[in-house]
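Me: I'd like a close look at one small part of this model. Could you walk me through it in one go?

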Amino acid sequence: MNPPVDPRVAALLRRVAKALEGIRYVVGGGVAVVAHGYLRHTSDVDVFALESARPKVLAALRAAGLHIVPIMDPSMYAAWPSDATADDIEVHVDILFTPIDIEMWAVRHPVRVVLWGADVPVMRPVVLAAIKFLTGEER
(Lines give C-alpha, C1' and ligand atoms only; values in the text may rest on other atoms or scores of the structure.)
Protein backbone atom coordinates (compact mmCIF):
# COMPACT_ATOMS: atom_id res chain seq x y z
CA MET A 1 0.00 0.00 0.00
CA ASN A 2 1.24 3.47 -0.85
CA PRO A 3 -0.48 6.10 1.27
CA PRO A 4 -1.15 9.49 -0.34
CA VAL A 5 1.75 11.92 -0.21
CA ASP A 6 3.01 15.02 -1.94
CA PRO A 7 4.57 13.56 -5.11
CA ARG A 8 7.67 15.68 -4.48
CA VAL A 9 8.25 13.85 -1.17
CA ALA A 10 7.87 10.46 -2.88
CA ALA A 11 10.30 11.48 -5.64
CA LEU A 12 12.78 12.77 -3.08
CA LEU A 13 12.58 9.52 -1.09
CA ARG A 14 13.29 7.51 -4.25
CA ARG A 15 16.24 9.77 -5.05
CA VAL A 16 17.68 9.45 -1.55
CA ALA A 17 17.23 5.65 -1.49
CA LYS A 18 19.01 5.27 -4.81
CA ALA A 19 21.84 7.60 -3.78
CA LEU A 20 22.43 5.84 -0.46
CA GLU A 21 22.42 2.25 -1.75
CA GLY A 22 25.21 0.38 0.02
CA ILE A 23 25.50 2.96 2.83
CA ARG A 24 24.08 2.23 6.28
CA TYR A 25 21.31 4.69 7.17
CA VAL A 26 17.71 4.73 8.34
CA VAL A 27 14.70 6.90 7.53
CA GLY A 28 12.81 8.25 10.54
CA GLY A 29 10.20 10.90 11.18
CA GLY A 30 6.97 11.22 9.26
CA VAL A 31 8.05 9.01 6.36
CA ALA A 32 8.79 6.14 8.76
CA VAL A 33 5.44 6.66 10.50
CA VAL A 34 3.69 6.46 7.12
CA ALA A 35 5.74 3.37 6.20
CA HIS A 36 4.26 1.61 9.24
CA GLY A 37 0.72 2.29 8.09
CA TYR A 38 -0.23 5.55 9.75
CA LEU A 39 -1.46 8.52 7.75
CA ARG A 40 0.59 11.60 8.48
CA HIS A 41 1.43 14.68 6.48
CA THR A 42 5.14 15.15 5.94
CA SER A 43 7.18 17.45 3.76
CA ASP A 44 10.60 16.06 4.50
CA VAL A 45 12.65 12.89 4.55
CA ASP A 46 14.59 12.41 7.80
CA VAL A 47 17.79 10.45 7.24
CA PHE A 48 19.82 9.20 10.21
CA ALA A 49 23.33 7.80 9.82
CA LEU A 50 26.34 7.10 11.98
CA GLU A 51 28.98 9.83 12.19
CA SER A 52 31.49 7.51 10.54
CA ALA A 53 29.31 7.49 7.41
CA ARG A 54 29.08 11.29 7.14
CA PRO A 55 31.56 11.75 4.26
CA LYS A 56 29.96 8.93 2.23
CA VAL A 57 26.39 10.09 2.86
CA LEU A 58 27.07 13.72 1.98
CA ALA A 59 29.10 12.79 -1.11
CA ALA A 60 26.40 10.38 -2.33
CA LEU A 61 23.63 12.92 -1.90
CA ARG A 62 25.67 15.62 -3.65
CA ALA A 63 26.37 13.20 -6.51
CA ALA A 64 22.59 12.65 -6.74
CA GLY A 65 22.13 16.36 -7.40
CA LEU A 66 21.15 17.55 -3.93
CA HIS A 67 22.25 20.90 -2.56
CA ILE A 68 23.39 20.43 1.05
CA VAL A 69 23.72 23.08 3.74
CA PRO A 70 24.90 22.62 7.33
CA ILE A 71 22.31 23.40 9.98
CA MET A 72 24.33 22.35 13.02
CA ASP A 73 27.65 21.29 11.55
CA PRO A 74 28.79 18.51 11.80
CA SER A 75 25.68 16.70 13.06
CA MET A 76 22.74 18.09 11.07
CA TYR A 77 22.30 19.15 7.46
CA ALA A 78 19.41 20.00 5.15
CA ALA A 79 19.31 19.10 1.47
CA TRP A 80 17.05 19.64 -1.50
CA PRO A 81 17.31 19.13 -5.24
CA SER A 82 19.73 21.62 -6.78
CA ASP A 83 17.08 22.64 -9.30
CA ALA A 84 14.41 23.29 -6.65
CA THR A 85 12.48 26.54 -6.81
CA ALA A 86 11.79 28.67 -3.74
CA ASP A 87 8.39 26.96 -3.45
CA ASP A 88 9.99 23.50 -3.61
CA ILE A 89 12.53 23.82 -0.78
CA GLU A 90 9.85 23.09 1.81
CA VAL A 91 10.23 19.52 0.52
CA HIS A 92 13.69 18.58 1.72
CA VAL A 93 15.91 16.04 3.41
CA ASP A 94 17.05 16.45 7.02
CA ILE A 95 20.32 14.55 7.48
CA LEU A 96 21.33 13.71 11.04
CA PHE A 97 24.57 12.11 12.12
CA THR A 98 23.58 10.92 15.51
CA PRO A 99 25.51 10.37 18.73
CA ILE A 100 22.30 9.30 20.50
CA ASP A 101 22.23 5.63 21.48
CA ILE A 102 18.64 4.88 20.46
CA GLU A 103 19.14 6.50 17.05
CA MET A 104 22.43 4.63 16.52
CA TRP A 105 20.57 1.40 17.37
CA ALA A 106 17.88 2.35 14.84
CA VAL A 107 20.51 2.78 12.11
CA ARG A 108 21.89 -0.67 12.88
CA HIS A 109 18.48 -2.41 13.15
CA PRO A 110 16.07 -0.97 10.58
CA VAL A 111 12.99 -2.52 9.03
CA ARG A 112 13.09 -2.61 5.21
CA VAL A 113 9.97 -1.44 3.42
CA VAL A 114 8.97 -0.51 -0.09
CA LEU A 115 7.27 2.86 -0.02
CA TRP A 116 6.35 5.01 -3.04
CA GLY A 117 8.59 2.85 -5.23
CA ALA A 118 11.64 3.06 -2.94
CA ASP A 119 13.15 0.18 -0.98
CA VAL A 120 14.24 1.92 2.22
CA PRO A 121 15.36 1.10 5.74
CA VAL A 122 13.02 2.73 8.27
CA MET A 123 13.02 3.07 12.03
CA ARG A 124 11.02 0.49 13.95
CA PRO A 125 7.75 1.78 15.50
CA VAL A 126 9.03 1.32 19.05
CA VAL A 127 12.05 3.52 18.25
CA LEU A 128 9.85 6.20 16.70
CA ALA A 129 7.67 6.20 19.82
CA ALA A 130 10.68 6.28 22.16
CA ILE A 131 12.22 9.22 20.32
CA LYS A 132 8.95 11.17 20.53
CA PHE A 133 8.73 10.38 24.25
CA LEU A 134 12.33 11.44 24.87
CA THR A 135 11.98 14.68 22.90
CA GLY A 136 8.60 15.54 24.42
CA GLU A 137 6.98 16.02 21.02
CA GLU A 138 3.34 15.09 20.63
CA ARG A 139 3.48 14.10 16.92
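Where does Ile68 lie?

Reply: Ile68 lies in strand β3. Before going on, keep in mind that this is a predicted model, in which local features need pLDDT of at least 70 and side-chain atom pairs count only at pLDDT 80 or more, while totals for chains, interfaces and linings use all residues. Residues are numbered from 1 along each chain as its sequence is written, and side-chain values use heavy atoms, with hydrogens and water left out. Helices (H or I, at least four residues) and strands (E, at least two) are DSSP runs, numbered from the N terminus.

Ile68 counts as buried because its relative accessibility is 9%; buried means under 20% relative accessible area, exposed over 50%, and partly exposed in between (1.4 Å probe, protein chains only). So who's around it? Leaving aside residues up to four places away in sequence, Ile68 touches Leu58, Leu61, Arg62, Tyr77, Ala78 and Ala79, where contact means heavy atoms within 4.5 Å. There's also Ile95, 27 residues away along the chain from Ile68, with 9.2 Å between the two C-alpha atoms.

Two of those partners, Leu58 and Leu61, take us to helix α3 (residues 54–63), where they are buried along with Val57 and Ala60. These buried residues sit on the same side of α3, because they cover an arc of only 160 degrees around the axis (the arc being that of the directions from the helix axis to the C-beta atoms). An α-helix has 3.6 residues a turn, so residues three or four places apart point the same way. Flip α3 over, and the face turned away from the buried side carries the exposed residues Pro55, Lys56 and Ala63.

As for what lies over the buried residues of α3, the cover includes β3 (66–72), and also α1 (7–19), β2 (44–49), β4 (76–81) and β5 (92–97). Between α3 and what follows there's a backbone detail to check: just after α3, Gly65 takes a positive phi of about 85 degrees.

One more stop is β5, which holds Leu96. Not counting residues up to four places away in sequence, Leu96 touches Val47, Phe48, Ala49, Ser75 and Met76. Val127, 31 residues from Leu96 along the chain, has its C-alpha atom 16 Å from that of Leu96.

To pull it together, Ile68 is a buried residue of β3, and its contacts include Leu58 and Leu61, both buried residues of α3.
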